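Got your viewer open? Load the model, switch on a cartoon with side chains available, and follow along stop by stop.

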Amino acid sequence: MEYLLILLSAVMFSVQFFLNDCYQKSEGTTFVSALTFSLITSVFGCIMLIAYGGLGRITLFTFFMSAVSAIKNFIQIYCGIKVLKVANLSVYSLFSMLGGMLLPFIYGIACGERLTSAKAGCIIFIAAALFFGLPRGSQSSAKRKTCLYYAGIFILNGLSGILAEIHQSYTRLAADAKVYTLWDRIITVVLCVIWLIVLGQHKKLKYQKPLQSILVASGYAFFNTAANLILLYALLHVDASVQYPIVTGGVIVLSLAFDLILGRRPEKGSYIAALLSVAGMLLLVL
């Protein structure tokens, strides 16, 4: 059952990436547009979570972990914009997904999760799949001076899984996963509002396509929030070193499926990446 839920979260993350791409195409990749996107998605996420079960009981540990996660997200926005100025979304996604898979995997093993040949094989297959899935010519758009930002994306997205695993591991200190996610969103809203005011950009907020962008942002908020909640609950039953490779592999396969459904022409590397991902996931679940 847990594996089906993890695969469901991969479907949601795939839709989320598609919606993020739609937003960036209509509103651009400036720091202000990214902050606005994060603000709107976090507000919608708060509404969704409160409607789902109210504010819930908060603990000091959960509040601290939520604050750390929100600050991490805020820094990741800045690094992401720097990367997207010199590289495309595929390069950004490569570093983001590699970090999101490898760091929680390493953390889980370091914390005592058993390292098996199936886990090792899966991580190798999916890491290879990510590189095969990178469009040709994407690497040439990178510049040396942005290496720190690439490293930042890799580490910060990897920290998402590690922070989630830490929170879910201390069941006596932690509040419900929903409360953790809700306060992450609340603190993100506060940080975005403060920074927009500090920059003096709150007076210049203007959408190129208001209705479309708000609908896209609200859809992103729904799928992102639901997918993260599923993973938090699944972490209570499934090792991080199993969960995150499955999510990453699932997103690779589903991204190819979305391209085919939408009538796009995937590159040959995308098919190889999908096959490697399926092989890697089969090693874990069979």
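How many aromatic pairs does a search of the whole structure find? The search turns up 6 of them. Keep in mind as you click around that this is a predicted model.

**Stop 1: an aromatic pair**

Select F63 and W183. Their rings form an edge-to-face pair, 5.7 Å from centre to centre with 70° between the planes. F63 sits in helix 3 (residues 60-84) and W183 in helix 7 (residues 177-199), so this pair ties together parts that are 120 residues apart in sequence. Now turn on a surface. F63 is partly exposed, at 37% relative accessible area, and W183 also falls in the partly exposed class, at 21%. The cut-off matters for the tryptophan: buried means under 20%, so W183 at 21% counts as partly exposed.

While the aromatics are coloured, pick out Y23, F37 and Y220 as well: these three form one aromatic cluster.

**Stop 2: the whole chain**

Zoom out and colour by secondary structure. You should be looking at 10 helices and 0 strands; read along the sequence, the pattern is α-α-α-α-α-α-α-α-α-α. The protein chain has 286 residues, and 51% of them are buried. If you like contact maps, here's a number to hold on to: among contacts with a separation of 6 or more, 89% are between residues 24 or more positions apart.

**Stop 3: helix 2 and what follows**

Select residues 31-53, which is helix 2. How far apart are its end C-alpha atoms? They are 33 Å apart, and because 23 residues at 1.5 Å a residue should span 33 Å, the model agrees with the expected value. Step just past the helix to G54, where phi turns positive, at about 75°.

**Stop 4: a buried histidine**

Go to H167, in helix 6 (residues 147-169). Is H167 buried or exposed? Its relative accessibility is 0%, so H167 counts as buried. Show its side chain together with that of Q168, and you'll find a polar contact between the two at 2.8 Å. Then expand the selection to its surroundings: beyond neighbours within four places in sequence, H167 touches F61, T62, M65, A174, A175, D176 and Y180.

**Stop 5: the nonpolar cores**

Next, select I6, M101, L130 and I252. These are the residues with the most contacts inside the largest nonpolar core, which has 45 residues. Centre on I6 and look around: leaving aside neighbours within four places in sequence, its contacts are I230, L231, A234, V238, Q243, I246 and V247. Apart from that core lies another, of 10 residues, including F31, A34, F74 and I81.

**Stop 6: the cysteines**

Which disulfides should you draw? A search of the whole structure finds 0. Two cysteines are still good to click on: C79 is buried, at 8% relative accessibility, and C122 is buried too, with a relative accessible area of 0%.

**Last stop: a long-range neighbour**

Finish on A128, in helix 5 (residues 117-132). At 27% relative accessibility, A128 is partly exposed. Add A273 to the selection and draw a C-alpha to C-alpha distance: the two residues are 145 residues apart along the chain, yet these atoms are separated by 7.3 Å.

Note on methods
Residues numbered from 1 in each chain as written. Predicted model: local features only at pLDDT ≥ 70, side-chain atom pairs only at ≥ 80, totals over all residues. Heavy atoms only, no water. Helix = DSSP H or I, 4+ residues; strand = E, 2+ residues; numbered from the N terminus. Buried < 20%, exposed > 50% of the residue type's maximum accessible area, 1.4 Å probe, protein only. Polar contact = N/O pair within 3.5 Å; in protein donor to acceptor, adjacent residues only side chain to side chain. Contact = heavy atoms within 4.5 Å. Phe/Tyr/Trp six-rings, centres within 6.5 Å; stacked < 30°, edge-to-face > 60°. Expected span 1.5 Å × (residues − 1). Disulfide = S-S within 2.5 Å. Core = buried A, V, L, I, M, F, W, Y, C linked by side-chain atoms within 4.5 Å.
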